[in-house]
Amino acid sequence: MKLDIILVLDFGGQYCHLIARRIRENHVYSEIVPHDITTREIQSLNERYNVKGLILSGGPQSVYAENAPKIRREILTLGIPVLGLCYGHQLLAYLFGGEVKPAKTKEFGVTYATVVNHDLILEGLGHTEKVWMSHGDTVFAVPEGFEVLAYTENTPVAAFKHRTKPIYGLQWHPEVIHTENGMQMLQNFIFKICGCEPEWSMKGFIGKAVDEMKAIVGDGKAIIALSGGIDSSTATLLAAKALGRNLTAVFVDHGFMRQNEPELIKQTFSEMGFNFVAVDAKNRFIKRLKGVTDPETKRKIIGEEFIRVFEEEAAKIGAEYLIQGTIYPDRIESGFRRFSEKIKTHHNVAGLPTHMRFKAIIEPLRDLYKDEVRTVAEMLGLPKELVHRQPFPGPGLAVRIIGEITEEKISIVKKADLIVREEIEKAGLQESLWQYFAVLTNTKSTGVKGDCRAYGYTVAIRIVESREAMTASFAKIPYGVLERISTRITNEIPQVTRVVYDVTHKPPATIEWE
């Protein structure tokens, strides 16, 4: 029996993959395809699946700009239901002859939409809906044959539908958690409009990933980059399942790990039954980063140095393949798709050097989000304390130090990070949080310690809630906990005179500072 599938046409938006992720959460299979997919390609997919709907993603372009990505017009004649989101919403209006132009007031973040027609896509929703916007252009008039479903204060056409065809547009992003009833909107499209059956699950993922690695590596050898975080740990167990003794896990201590973490990683993974190597590379990393202040340059240097260490270790055992725990948010923020914006380079994606001595780099988790990775980790039997660890960037504390990295700064941020973790966990808040850590800023300010003037660093505390790291909200931590963190940091770290709390959502910020 063929599975139903919803295709997400990729226009380079930051949340493109999140749309597919939300569809899968409803047990309906979804794949991301190029925005210019042909009718022939859709018909080919129909041989394996039942293509029940198309969703046009958001994107950073303007629909009227030169070389702006477009769909093939014949796609709209197939009779398959279509839903345009943000850029996709504007594109549908533009293609059918509606008016799209720069908004008088751009909308970024939460706003409120007034619903004037609860057609199928907005069925079951209220008269006023809390939605999340991120757009500079706006649909000012619907094309002939369409009607308005909702508007906002600054957007006269925030949602529309075709009067006779299953074609819909939403200016907001229902896939992000900040749109209060976004899942209901997507469910309306998936089930009421497209008529999908909820028959898909992730149970087949492990077997598929294992078979893929076996097919690529064959009888060869591979090493895997193991940092001890949930992504690389899960990828390691998958790779061990596929390759057995032909796999060597390599842990590189670059000097930017959290307090006591290298010892914990060595103890945990040296007892797991596969080849494990720990490399002390602290001196070479700090030497390469001397005098570097630009965050993108930092990430690229770290990415290159990681690869050089892995090449050296691979040469020792004759391994020709490198396996990484790269997940989808890493790739999306690095701007790996044609029309996507690069938010920041991840050391294991765009930070990799051009020339590498590996036949291939294998990324078994490349299409998964963090919570999906945790599901796989639990299925593989990874210890609970590793499954639920908070995410930690591959470059480590190097991207939590603003400006040049020095031994003193590393020491400061390690101590501050430990204090944050201890106080959050002492208060029992860790299970409701996505990440909690300290950032050493490059700002100094005057303070008073022991009745004497002090001039020291400012530490920023970043604590967020999230589901998949593509969006996040700052956590409303009790003031008593924040006070204990601030008091301990300024008391226990002499070089720090001030502590601030970051109250910025993602977007507009990212979770990490660099």
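Here is a walk through this predicted model, from the overall build down to a few single residues.

Let's start with the whole thing. The protein has 14 helices and 18 strands. Its radius of gyration is 25 Å, close to the 24 Å that the globule rule gives for 514 residues, so the protein is as compact as a globular protein of that length. If you lay the C-alpha trace along its principal axes, it spans about 70 × 65 × 40 Å. Of the 514 residues, 58% are buried. Take the contacts with a separation of 6 or more, and 74% of them join residues 24 or more positions apart.

On the outside, the accessible surface comes to about 21,400 Å², and carbon and sulfur atoms hold 48% of that. The charges balance in number: there are 64 positive and 64 negative side chains, and the centres of the two sets lie 2 Å apart.

Now look inside. The largest nonpolar core has 121 residues, and the ones with the most contacts inside it are Leu-7, Leu-238, Ile-424 and Ile-489. Leu-238 is a good one to click on. Setting aside neighbours within four places in sequence, Leu-238 is in contact with Phe-205, Ile-206, Ala-209, Val-210 and Met-213, and also with Pro-364, Leu-365, Val-376 and Leu-380. There is also a second, separate core of 31 residues, with Leu-125, Met-133, Leu-149 and Ile-193 among them.

Two helices are worth a stop. In helix H1 (residues 16–25), nine of the ten residues are buried, so H1 is largely enclosed by the rest of the structure. That buried set isn't just greasy side chains: it includes Leu-18, Ile-19 and Ile-23, but also His-17, Arg-21, Arg-22 and Arg-24. After H1 comes His-27, whose phi is positive, near 65°.

Helix H3 (residues 87–95) tells a similar story. Eight of its nine residues are buried, so H3 too is largely enclosed by the rest of the structure. The buried ones are Tyr-87, Gly-88, His-89, Gln-90, Leu-91, Leu-92, Ala-93 and Leu-95. What do they pack against? Their partners are strands: S3 (49–56), S4 (82–85), S5 (99–115), S6 (128–141), S8 (159–162) and S9 (167–170).

You can see one of those strands from the other side by picking Thr-138, which sits in S6. At 0% relative accessibility, Thr-138 counts as buried. Beyond its neighbours within four places in sequence, Thr-138 is in contact with Gln-90, Glu-99, Val-100, Lys-101 and Ala-103, plus Asn-154, Thr-155, Pro-156 and Gln-171. Gln-90 is one of the buried residues of H3, which brings us back to that helix.

The backbone around H3 has some quirks too. Most residues other than glycine have a negative phi, and most peptide bonds are trans. Cys-86, however, has a positive phi near 55°. Cys-86 is found in the loop between S4 and H3, and with a relative accessible area of 5% it is buried. Just after H3, Gly-97 takes a positive phi of about 100°. Asn-67 has a positive phi as well, near 70°, and is found in the loop between S3 and S4. Is Asn-67 buried or exposed? Its relative accessible area is 63%, over the 50% cut-off, so Asn-67 counts as exposed.

Toward the end of the chain, check the prolines in the segment after strand S18 (496–501), where Pro-507 lies. The peptide bond from Lys-506 to Pro-507 is cis, with omega near -15°. The bond from Pro-507 to Pro-508 is cis as well, with omega near 15°.

Two last stops. Pro-391 is found in the loop between helix H12 (384–387) and helix H13 (407–426), yet it is buried, with a relative accessible area of 8%. Leaving aside neighbours within four places in sequence, Pro-391 is in contact with Arg-258, Lys-370, Arg-374, Arg-400, Trp-434 and Gln-435. Glu-304, in helix H9 (residues 295–317), counts as partly exposed at 28% relative accessibility. Glu-304 and Met-356 are 52 residues apart along the chain, while their C-alpha atoms are separated by 9.2 Å.

Terms used
Residues numbered from 1 in each chain as written. Predicted model: local features only at pLDDT ≥ 70, side-chain atom pairs only at ≥ 80, totals over all residues. Heavy atoms only, no water. Core = buried A, V, L, I, M, F, W, Y, C linked by side-chain atoms within 4.5 Å. Buried < 20%, exposed > 50% of the residue type's maximum accessible area, 1.4 Å probe, protein only. Contact = heavy atoms within 4.5 Å. Helix = DSSP H or I, 4+ residues; strand = E, 2+ residues; numbered from the N terminus. Rg over C-alpha atoms; globule rule 2.2 N^0.38 Å. Areas by Shrake-Rupley, 256 points an atom, 1.4 Å probe, with all protein chains shown as cover. Lys, Arg positive; Asp, Glu negative; His and termini not counted. Charge placed at Lys NZ, Arg CZ, Asp CG, Glu CD.
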